[in-house]
Amino acid sequence: MAIFSKVYYFNMVTQGHQSEVVIIGAGASGSVAAARLAAAGFEVVCLEQGDWVGPADYMGAQPEAELAWIERWNPDPNARRGMADYPLTGDADVRPVMYNGVGGGLVQWAAMWQPLLASDFRVRTLDGVADDWPISWGDLADAYARVAGDMSVSGLGGDPALPEMNPYPNPPIPIGKIGRVAAEGMDRLGWHWWPGANAIASRRHRSLQACQRRGTCMTGCPENAKATPSLTHWPSAQSAGARLVTGARVMEIPVDKRGRVGGAVYRDRDGVEHFQPAQVVMLAANAVGTARLLLLSASSRFPDGLANSSGLVGRRLMQHPYRTVTVVCEDPLDSWQGPWGQNIYSLEFAETHPDRDFIRGAKWMVMPHGGPMFAVAEYQEAHRHEGFEAVWGANFHRAAAEVFGHSFTWGIQAEDLPEYDNRVLLDPSVHDSSGLPAARIEYRVSENTRRMLDFNVARAVEAAGESGAVTTMVRDVWPTGIGHVLGTTRMGNDPESSVVDRWCRSHDVPNLYVIDGGVFVTGGSANPTATIMANALRVVDHMIETRVSQEVP
Amino acid sequence: MGSSEPTPAQRLTLARLADILVPEGLGMPAATTVGVAGDLLDRSLAAAPSFFEPLLALLDDVPDDGLDAFVRRLEVERPDDFAVLSTTVVAAYYLSEDVRELIGYPGQQPNPLSVAAEPDYLDLLERVYERHPGYRECL
Ligand SMILES: Cc1cc2nc3c(=O)[nH]c(=O)nc-3n(C[C@H](O)[C@H](O)[C@H](O)COP(=O)(O)OP(=O)(O)OC[C@H]3O[C@@H](n4cnc5c(N)ncnc54)[C@H](O)[C@@H]3O)c2cc1C
Ligand code: SF4
């Protein structure tokens with residue numbers, strides 16, 4: 001074994017059995033990699049800082065489900081403050097949200113399944129901004145179809161705004177009354193809409209049960225109907241021999257004298273340090289967690305952070321800044337009914353248009369409002385500035401009657417272009433429960449994004465009018481994000497301007513890969529997980545094919 | 001602190017505040033009528049335990065008189081405390097079975113999907129096809 005520069009190697013408390021691949025993070029991308037590598041016969045260990053969760057932990061079947069969102073199932077780790085969460089500090093217009101545990105963000109996600117546009121890979125060529133990806137839509141086509149199968153996606157193919165795709169494995173979830181009303185508005189305006197694809201089973205499929213429409217999807221699905229890796233990937237990964245260590249917070253990835261990584265150092269729940277040796281290290285800790293870990297792994301050889309000769313680790317953070325237009329209608333719409341994925345979506349304003357004062361665009365999606373507490377909270381948020389009397393006292397019931405069961409929301413997520421100064425850093429003074437520096441987030445919503453959101457919100461208000469809205473409630477940019485974190489370890493062909501190559505291997509360290517959302521070159525406006533998972537599958541396929549030439553310590 | 005549930009005095013204070021926020025009206029009962037300060041409060045705090053301490057501290061701080069003015073000032077001057085109070089009251093109110101029945105809300109109940117062989121929106125979708133220019137070609 002090579003000699004590593006870090007003392008860890010010599011006085012490690014416990015050292016695991018050498019594996020071929022160690023994956024850090026059991027979220028969307030890490031789970032894909034573990035299942036695929038194990039099926040191909042690799043010895044795989046996955047280190048995950050959080051725990052297993054399942055239906056017994058989810059509160060969707062309890063009347064208190066809405067309150068769960070505030071506390072145990074708050075998507076904001078700073079509010080949730082679980083043992084596995086690390087603090088996010090800093091001055092950011094939008095602060096990321098995430099879930100840390102087996103499944104990662106896919107424990108709490110809304111399961112909206114949205115491939116990128118073909119143009120998203122060629123933004124520099126087509127629109128003269130940001131950068132092109134080193135891969136194209138076609139390079140992901142096969143993987144998109146395979147992961148959609150693994151994730152039991154329910155949807156309708158044939159959307160003309162996207163390249164041709166294989167049919168989804170399950171028929172679309174009914175668009176419901178809210179989808180119908182929204183679609184009629186779009187139809188009157190001649191705008192694009194399409195029934196939403198969701199990784200929620202519209203019928204029993206593989207490991208998933210049929211959706212029961214509880215609508216509490218984002219506090220975890222109590223019916224096992226929403227795709228999440230503990231159902232879709234880990235059973236097969238583990239039966240093929242993959243080992244998943246939970247409560248394992250990776251602190252550092254040490255490097256040997258030849259500049260190869262040799263595994264991962266982690267701290268268990270009791271604070272005991274371990275070393276997990278491996279020939280290949282795959283980072284799948286999401287665009288915040290991976291950047292943090294690379295920065296934590298600075299050494300004399302990589303003084304600015306592991307794999308950071310480009311200086312781009314942590315930079316170009318993208319988050320899809322988000323605004324909402326809640327549409328209130330006269331007719332009852334049963335809008336507490338789930339699933340809380342996307343009933344319909346629109347790509348009408350997703351592409352650059354020469355007549356607009358911004359570049360690129362936004363995706364819209366229709367969602368229900370959850371239970372009465374959420375519906376009323378939405379009203380109060382929109383009317384708070386009118387003072388106490390507008391939302392409390394005599395007006396409380398009037399507001400509730402107006403919105404509850406009569407409204408739906410157009411969520412509008414903007415493509416934020418990568419900015420050098422939007423980034424993840426190590427916090428110098430705040431630490432997590434293992435004593436590691438917190439992730440400090442610096443993020444500004446750009447002028448381009450603000451104009452894009454203003455334009456799209458104005459169009460959504462127009463669409464609401466055509467849907468027969470009696471009123472609309474518009475929210476400004478959400479200060480907490482929507483769980484989309486991208487871009488902090490971008491891929492590219494040039495080692496000076498990217499962190500990993502087109503196969504998501506570090507330019508600097510030949511046995512280090514990054515496979516999470518950090519590798520996105522630009523963010524598109526699509527919900528990112530379909531692409532994160534498809535890309536992870538593409539990369540791992542390639543790694544398997546080229547295993548004989550893989551450099552190891 | 002130390003106590004695991006609100007004292008009768010704290011419940012009484014909460015009840016008075018709750019009825020200012022959610023009074024009787026439009027055929028709906030006031031917060032206290034459905035027991036917002038009773039076991040619905042306990043259920044809410046069990047689901048959101050981080051509210052327990054700030055809520056009880058706030059309730060101990062409420063003056064005996066001038067509650068209307070106090071709540072209005074709280075909203076403006078101590079928004080975090082107001083959020084704890086108002087969220088607890090609204091959450092507890094909508095946990096009430098009576099309230100749920102009155103607003104026609106069955107809860108987030110299971111309600112199996114029925115997937116139609118042929119969705120009823122195909123006519124609308126046909127028109128999306130007809131007018132869409134197709135995606136920007138750049139594979
Ligand atoms: C509330 C919510 C709703 C969402 N809805 C959607 C949606 O509808 N559609 C969509 O496409 N996307 C959605 N997302 C986003 C989606 O969850 C993410 O895109 C996806 O999970 C990212 O995958 P990843 O592999 O990059 O990282 P993650 O899934 O975030 O996984 C990273 C894992 O790494 C672990 N980790 C991090 N650091 C360490 C460390 N030092 N040591 C050990 N383990 C570590 C974490 O605990 C975590 O489990 C949503 C997210 C949230 C939070
Ligand atoms: S609506 Fe469907 S997917 Fe969502 S929580 Fe209920 S059963 Fe699960």
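## Exercises on a predicted two-chain model

A:Glu466 sits in helix H14 of chain A, which covers residues 447-466. Keep in mind as you go that this model is predicted.

**Exercise 1.** Work out whether A:Glu466 is buried, exposed or partly exposed, then find what it touches away from its sequence neighbours.

*Solution.* Start with the count: A:Glu466 has 16 C-beta neighbours inside 10 Å. Buried takes 20 or more, and exposed takes 12 or fewer. A:Glu466 therefore counts as partly exposed. Next, skip everything within four places in sequence; that leaves contacts with A:Gly185, A:Arg188 and A:Leu189. Finally, check one of these pairs: A:Glu466 and A:Gly185 are 281 residues apart along the chain, yet their C-alpha atoms are separated by just 4.4 Å.

**Exercise 2.** Find which residues have the most contacts inside the largest nonpolar core, and which helix gives the most to it.

*Solution.* The core in question has 216 residues, and the top two for contacts inside it are A:Ile24 and A:Met282. As for helices, go to chain B: its helix H5 (residues 79-95) gives the most, with 10 residues. Now zoom in on A:Ile24. Beyond four places in sequence, its contacts include A:Met282, along with A:Leu283, A:Ala284 and A:Ala285. A:Leu47, A:Val250, A:Ala264 and A:Leu293 are also among them.

**Exercise 3.** Describe the shells around ligand 1 and ligand 2.

*Solution.* Take ligand 1 to begin with. It has 43 residues around it, and those that come nearest are A:Gly25, A:Gly27, A:Gly104, A:Gly105 and A:Gly483. Elements of chain A giving two or more residues to this shell are helix H2 (28-39), strand S7 (249-252), helix H10 (286-296) and helix H15 (529-545). Sorted by class, the shell holds 22 nonpolar, 18 polar and three charged residues.

Then do ligand 2. Here there are 16 residues, with A:Cys211, A:Arg214, A:Cys217, A:Cys221 and A:Gly338 coming nearest. The class split is seven nonpolar, five polar and four charged.

**Exercise 4.** Say how many residues each chain puts into the contact between A and B, then break down chain A's side.

*Solution.* Count by chain: 60 residues come from chain A and 46 from chain B. On the chain A side, helices supplying at least two residues each are H3 (65-68), H6 (137-150), H7 (176-189), H11 (372-383) and H13 (394-403). H13(A) gives the most, with six residues. By class, chain A's side comes to 34 nonpolar, 15 polar and 11 charged residues.

Notes. Residues are numbered from 1 along each chain as its sequence is written. Chains are lettered from A and ligands numbered from 1 in the order in which they are written. This is a predicted model: local features need pLDDT of at least 70, side-chain atom pairs count only at pLDDT 80 or more; totals for chains, interfaces and linings use all residues. A nonpolar core is a set of buried Ala, Val, Leu, Ile, Met, Phe, Trp, Tyr and Cys residues joined through C-beta atoms within 7 Å. Helices (H or I, at least four residues) and strands (E, at least two) are DSSP runs, numbered from the N terminus. Two residues are in contact if their C-beta atoms, placed from the backbone, lie within 7 Å. A residue is near a molecule or strand if its C-beta atom, placed from the backbone, lies within 6 Å of it. Ala, Val, Leu, Ile, Met, Phe, Trp, Tyr, Cys and Pro count as nonpolar, Asp, Glu, Lys and Arg as charged, and the others, Gly among them, as polar.
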